[in-house]
Amino acid sequence: MTERISSRTMHIGELAERTGLSLRTIRHYDEVGLLPATGRTEGGFRVYAENDVERLTLIKQMKPLGFSLEEMAEILELLSALESGGVDGAGQEKLAEFMGRAKDQRAKIARNLSQADEFIERMAKNS
């Protein structure tokens, strides 16, 4: 069924340009249910709204932290519930667990960057 979209929307190309992700990646996220299109034009083209840009930005931020697609979907659901005030104790615990994992992974990335910086500095001294 095709929806009529009246508010400010964009096609997948604009969404890709604004987020720096490929069309293929966005289509994949749509196919797995992580970022379903807001609607479709009468011609069947996907259309997205501003909140989809925000959602995709969150997905993009989670990716380097090593979360699976299923975990990303769960995190997005929990964050959405949190914004609407509907997270129970179990949801809060799950968010805290995800936060801990994100912080641990970020620390690992920071260590790797530091090592890369040291290597680059060493190379610069020897050239």
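A residue is called buried when its relative accessible area is under 20%, exposed when that area is over 50%, and partly exposed in between, with a 1.4 Å probe and protein chains only as cover. The model is predicted, so local features need pLDDT of at least 70 and side-chain atom pairs count only at pLDDT 80 or more, whereas totals for chains, interfaces and linings use all residues. Residues are numbered from 1 along each chain as its sequence is written, and side-chain values use heavy atoms, with hydrogens and water left out.

**Exercise 1. Describe the order of the elements and the overall dimensions of the chain.**

Step 1. Helices (H or I, at least four residues) and strands (E, at least two) are DSSP runs, numbered from the N terminus. The chain holds five helices and three strands, and their order from the N terminus is β-α-α-β-β-α-α-α.

Step 2. The C-alpha trace spans about 60 × 45 × 20 Å along the principal axes of the chain. The radius of gyration, taken over C-alpha atoms, is 19 Å, while a compact globule of 127 residues would have one near 14 Å; the globule rule is 2.2 Å times the number of residues to the power 0.38.

Step 3. Of the 127 residues in the chain, 24% are buried.

**Exercise 2. Find which residues of helix H2 are buried, and explain how they are arranged around the axis.**

Step 1. Helix H2 covers residues 23-31, and its buried residues are Ile26, Tyr29 and Asp30.

Step 2. These residues lie on the same side of H2, because they cover an arc of only 105 degrees around the axis, where the arc is that of the directions from the helix axis to the C-beta atoms. As background, an α-helix has 3.6 residues a turn, so residues three or four places apart point the same way.

Step 3. Arg24 and Glu31 are exposed, and they sit on the face of H2 turned away from its buried side.

Step 4. The cover over the buried residues of H2 includes helix H1 (12-19), strand S2 (39-40), strand S3 (46-48), helix H3 (50-62) and helix H4 (69-83). Just after H2, glycine 33 has a positive phi of about 85 degrees.

**Exercise 3. Determine whether threonine 19 is buried or exposed, and list its contacts beyond four places in sequence.**

Step 1. Threonine 19 belongs to helix H1, and with a relative accessible area of 7% it is buried.

Step 2. Contact means heavy atoms within 4.5 Å. With neighbours within four places in sequence left aside, threonine 19 is in contact with Ile26, Val53, Leu56 and Lys60. One of these partners, Ile26, is also a buried residue of H2.

**Exercise 4. Work out the surroundings of leucine 58 and methionine 62 in helix H3.**

Step 1. Leucine 58 is in helix H3 and is partly exposed, with a relative accessible area of 34%. Apart from neighbours within four places in sequence, leucine 58 is in contact with Leu76 and Leu79.

Step 2. The C-alpha atoms of leucine 58 and methionine 72 are separated by 8.9 Å, although their positions lie 14 residues apart along the chain when counted as sequence separation.

Step 3. Methionine 62, also found in helix H3, is buried, with a relative accessible area of 7%. Residues up to four places away in sequence not being counted, methionine 62 touches Phe67, Met72, Ile75 and Leu76.
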